[in-house]
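Okay, thanks for coming, everyone. Let me put today's structure up on the screen and talk you through it.

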Amino acid sequence: MGRRVAVVEPDGLLRRALVSGLAPTGSVVEEFDGGRAFLRGLTEPRPAPLSLVLLSFRLPDVDALKVLLRLRREHPDLPVVMLAGFGDIGLFDEATRLGAAEVLQAPVNAELLQSTFLRHANPD
């Protein structure tokens, strides 16, 4: 079984671009348009654990930093890469302090996305 990545991004165009950018990694990518759907998905049985989470700062239904905190508490070894938009720059330090593996400024090109995946995804 390959690596699993969760992409939690409310913007459909950006989410599809992230999924496309991850395609060359051969990972199974699960898409979520909000934090609550993602958190519900964590409780469902899966054939393999997540290797990486790409989490947008801007979620319509829940505070992304609270999602990050929950992930740190329940899955401390799971790397979480936060995706920041133009207005989110001030949150970089806070996300890192709370346990984000990295913070990327969107939009993210495919090369950066793939190198981020290789740096943070757990080995098989």
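Before anything else, one cut-off: when I say buried I mean under 20% relative accessible area, exposed means over 50%, and partly exposed is whatever falls in between. With that in hand, take Glu74: its relative accessible area is 41%, so Glu74 goes down as partly exposed. And please keep in mind that this is a predicted model.

Stay with Glu74 for a second. Its side chain meets that of Arg70 in a salt bridge, 3.0 Å from N to O. Both residues sit in helix H3, four residues apart, which is about one turn of the helix. Arg70 comes out at 25% relative accessibility, so Arg70 is partly exposed as well.

Now, the same helix has an arginine I find more puzzling. H3 covers residues 64-74, and Arg72 is in there. Which side chain of opposite charge is nearest to Arg72? That would be Asp77, but Asp77 is 6.6 Å away, and Arg72 has no salt bridge despite being buried. As for what Arg72 does touch, leaving aside residues up to four places away in sequence, we get Asp77, Leu78, Val80, Leu98 and Gly99.

Okay, zooming out. There are five helices and five strands in the chain, and along the sequence they follow the pattern β-α-β-α-β-α-β-α-β-α. The radius of gyration is 13 Å, close to the 14 Å that the globule rule gives for 124 residues, so the chain is as compact as a globular protein of that length. If you prefer a box, the C-alpha atoms fill one of roughly 40 × 30 × 25 Å along the principal axes. Of the 124 residues, 44% count as buried. And for contacts between residues at least 6 apart in sequence, 65% join residues at least 24 apart.

Next, strand S1, residues 4-8. How many of the residues in S1 are buried? Five of five. Both faces are covered, with Arg4, Ala6 and Val8 on one side and Val5 and Val7 on the other. S1 pairs with S2, residues 28-32, in the parallel sense over five bridges, and Val7 stands opposite Glu31 there. To get from S1 to S2 the chain goes through helix H1, residues 12-22, and that β-α-β crossover is right-handed. S1 also runs parallel to S3, residues 50-56, and five bridges join the two. In that pairing, Val8 stands opposite Leu55.

Back to charges, then. Side chains of opposite charge can pair when their charged atoms come close. The whole structure has seven salt bridges. One of them is Glu31 with Arg15, where the closest N and O atoms are 3.3 Å apart. Glu31 is in strand S2 and Arg15 in helix H1, so this pair ties together parts that are 16 residues apart in sequence. The two partners sit in different surroundings: Glu31 is partly exposed at 41% relative accessibility, while Arg15 is buried at 13%.

Then there's Glu44 with Arg46, again with the closest N and O atoms 3.3 Å apart. Glu44 is partly exposed at 40%, and Arg46 is partly exposed at 31%. That pair belongs to a network of salt bridges linking Arg4, Glu30, Glu44 and Arg46. And Arg4, remember, is one of the buried residues of S1.

That's what I had; over to you.

Notes:
Residues numbered from 1 in each chain as written. Predicted model: local features only at pLDDT ≥ 70, side-chain atom pairs only at ≥ 80, totals over all residues. Heavy atoms only, no water. Buried < 20%, exposed > 50% of the residue type's maximum accessible area, 1.4 Å probe, protein only. Lys, Arg positive; Asp, Glu negative; His and termini not counted. Salt bridge = Lys/Arg side-chain N within 4 Å of Asp/Glu carboxyl O. Contact = heavy atoms within 4.5 Å. Pairing = 2+ DSSP bridges. Right-handed = clockwise from strand over helix to strand, strands pointing away. Rg over C-alpha atoms; globule rule 2.2 N^0.38 Å.
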